[in-house]
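Here are some short exercises to work through with the model open in your viewer. Try each one yourself before you read the solution.

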Amino acid sequence: MRRALGIGLWVAMVIAGLAVFLLLPHFVSDFHSRDLAQAGAFFIAIIGLNLVTGYTGQISLGHGALMAIGGYTTALLVVHEHWRDVWTIPLAGIVAGIVGFVVGLPALRLSGLYLALATFALAVALPDLIKKFSHFTGGTDGENFLASAPKQVTGLGGITIFGHSMTQNHFLYYLTWSIGIIGFFLAWLLVRGRAGRTFRSVRDSEVAAASSGVNLAATKTVAFALSGVYAGVGGALYVIQNEIVDPLSFTVSVSILILVGAVVGGLGSLWGLVLGALFVEYLPTISTHVSTRPGVPDFVYGAAIIVVMILLPTGAGGLIQRLVRPLTSWLYTRP
Amino acid sequence: MLLALDWTQLAQQTVIGLSSGGTWALLALAIVLIYRSTGVINFAQGEMAMFSVFIAWSLVNHGLAFWAAFFLTIAISFAGGVAVERVVIRPVEAAPVLTVVIVTLGLLFVVDGASKIFWSPERRTIPNAFSTRPIDVAGVAFSIQDLGNIAVSLGLVVLLWGLFRYTKLGLALRAAAGNPDESRLLGIRVSWMLALGWGLAAALGAVSGMLTAPALGSFDQNLMQPVLLYAIAGAVLGGIESPLGAVVGSLLLGVFVTLIGTYVGWVGTTLRLPVALAVILGVLLIRPTGLFGRSEARRV
């Protein structure tokens, strides 16, 4: 009986979540849907970072660079190879996944802060490298889709899908969050099963994991590669939404932003990540609403991060777990 | 190419490298100090140093002599560092490491914002601590400023080493960082030792900033950002646990970066940081705990 109630509650939650996803754009302005879409791109990248940092315990300060790889893959395919923008997303994910695998290789030797520095180095160096190889990447000016490849941009001036016509902003919202929800579901399947246990065992004790037969090298690199796929897809969507990419699109601050989102959302849990993504998307905007005087937005932004971390040291995910635990333990114990 | 190597230029560039490496070393020491006691890299260290530079600028503009402002700023920064630890870090002392890291990132934005609120974001100048006049050493012209920077940096390093090695306070600081639980049993106020560590780190950063700012000519709120990157890189290169490593790592990095910037054409000034980071990554892959780091034996 309780079990049935638990499943019922669970199904109700999922349906409520999907309803919010489907109806949300109709309650906010058209322009606002694009902000929500951008939050979705961060959401996907944050899931990726959480897989490698939250679940596998490998700190990465360079996920902005993996987003950049995905974003530039999309841009180059659209501008030089004339692909339609949305069809580049899978390839962007694969390319960033491969790069993620390579980034994961130092993790076999480095741990903790040293690994953090190695990934940080990538994030710091990439914008300069992109500028250096300007004949390939468009250099400082970057690649502008509307200027050089408007025909490849999906949804300009409205689009019709399955008989529903919608604005470009709504299209971007549904595209991003559909991919986000699928990615979330896949990540959820992954971490609740054998792979998730393997990841967590590496995070909690490498020695214990290795002595139980876990292949450390394979686990770490696979976690990085998977994480790269998510970051790459997020980066591709980010570029598609902005219709432009340049070396400043993905600086170190993006890597930091994603990390803040993952920690605020809750490392090692998935449900809070939506909140983490919304936090990093909206906090800068909200803090400019306080006052646009130089310095005030930065101050508010930083203070908000500090206050949230002091109040929720384990992020939104930790809070959700604490709130839900009495309910779940009641539901899943036999009376 | 090699035959045309100009030894005078090499010596000059090395000293310039040591001079900037010395200022990075101070910030790197600050980072190591906090890392050893708290286990996190304080990403706000650079911005805190920048704030100190602006305090020094205000003091000088109110008519104080440079060296008076210099020492007053160090004292203010020390108090500020202690206050920051008490207010911002203490509440998350027991939280996971990454939570504390995110708090220092938040602190970075707060300090940056506060500095822009107090001082408008325009370029300013601060008088030079040392004359920029060149002096002749063994037939090679060095600037007094560079030599002075090196002297102040190394002097401070020695002073700090003396504090940690020969005073009771230093012993307490080391004990609190190394084994907090037992230190508490011995009556050391561990929490306050952490706060003192933050104060010392802020003071070190202040000196680093006050040496960096005049060398740049003019500065604004971004002045310490590259210094922070180099300092973190130097500290990690030396082994993040090791103060000696932080100093040696930063000095090596300073010389290396200056020399490749001068002698390798395609690196120039734009690719200096990426190349330096790539080299450090290479070093770390061979020595995963940095040049002076020890790998820890752990009981499982």
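**Exercise 1.** Which residues in α13(A) meet which residues in α14(A)? Then describe how the two helices pack.

*Solution.* Keep in mind that this is a predicted model.

Step 1: list the contacts. On the α13(A) side you should find A:Leu283, A:Pro284, A:Ser287, A:Thr288 and A:Val290, and they meet A:Val296, A:Pro297, A:Val300, A:Tyr301 and A:Ala304 in α14(A).

Step 2: sort them by class. The contact of α13(A) with α14(A) has 8 nonpolar residues, 2 polar ones and no charged ones.

Step 3: add the geometry. Two packed helices are described by the angle between their axes and the distance between the axes. Here the axes of α13 (residues 273-290) of chain A and α14(A) come within 8 Å and cross at roughly 130°. An angle over 145 degrees would count as roughly antiparallel, and 65 to 115 as roughly perpendicular; α13(A) and α14(A) are therefore oblique to each other. The crossing is right-handed.

**Exercise 2.** How many residues of chain A are in contact with chain B, and which helices of chain A supply at least two residues each to that side?

*Solution.* Step 1: count the partners. On chain A there are 34 residues in contact with 38 residues of chain B.

Step 2: assign the chain A side to helices. At least two residues each come from α5 (112-132), α10 (206-211), α12 (252-265) and α14 (296-311) of chain A.

Step 3: look at the chemistry. The side of chain A that touches chain B consists of 26 nonpolar, 4 polar and 4 charged residues.

**Exercise 3.** Which residues touch the most other members of the largest nonpolar core?

*Solution.* Step 1: find the hubs. They are B:Leu27 and B:Ile31, in a core of 198 residues.

Step 2: find the main contributor. Helix α8 (residues 190-216) of chain B gives this core its largest share, 15 residues.

Step 3: inspect one hub. Leaving out residues up to four places away in sequence, B:Leu27 touches nine you can click through: B:Gln45, B:Gly46, B:Ala49, B:Leu204, B:Gly205, B:Ser208, B:Val227, B:Leu228 and B:Ala231.

**Exercise 4.** Is A:His82 buried or exposed? Do the same for A:Glu243.

*Solution.* Step 1: check the backbone. A:His82 has a positive phi of about 60° although it is not a glycine, and A:Glu243 has a positive phi of about 60° too.

Step 2: locate them. A:His82 sits in the loop between α3 (63-81) and α4 (89-104) of chain A, while A:Glu243 is in the loop between α11 (216-242) and β4 (244-245).

Step 3: count neighbours. A:His82 is exposed because it has 10 other C-beta atoms within 10 Å. A:Glu243 has 19, so A:Glu243 is partly exposed.

Conventions: Residues are numbered from 1 along each chain as its sequence is written. Chains are lettered from A and ligands numbered from 1 in the order in which they are written. This is a predicted model: local features need pLDDT of at least 70, side-chain atom pairs count only at pLDDT 80 or more; totals for chains, interfaces and linings use all residues. Two residues are in contact if their C-beta atoms, placed from the backbone, lie within 7 Å. Helices (H or I, at least four residues) and strands (E, at least two) are DSSP runs, numbered from the N terminus. Ala, Val, Leu, Ile, Met, Phe, Trp, Tyr, Cys and Pro count as nonpolar, Asp, Glu, Lys and Arg as charged, and the others, Gly among them, as polar. A nonpolar core is a set of buried Ala, Val, Leu, Ile, Met, Phe, Trp, Tyr and Cys residues joined through C-beta atoms within 7 Å. A residue is buried if 20 or more other C-beta atoms lie within 10 Å of its own, exposed if 12 or fewer, and partly exposed in between; C-beta atoms are placed from the backbone. Axes are lines fitted to C-alpha atoms, for helices over the stretch in contact, and angles run from 0 to 180 degrees between N-to-C directions. Angles under 35 degrees count as roughly parallel, over 145 as roughly antiparallel, 65 to 115 as roughly perpendicular and the rest as oblique. A crossing is left-handed if the near helix is turned anticlockwise from the far one by less than a right angle, and right-handed if clockwise.
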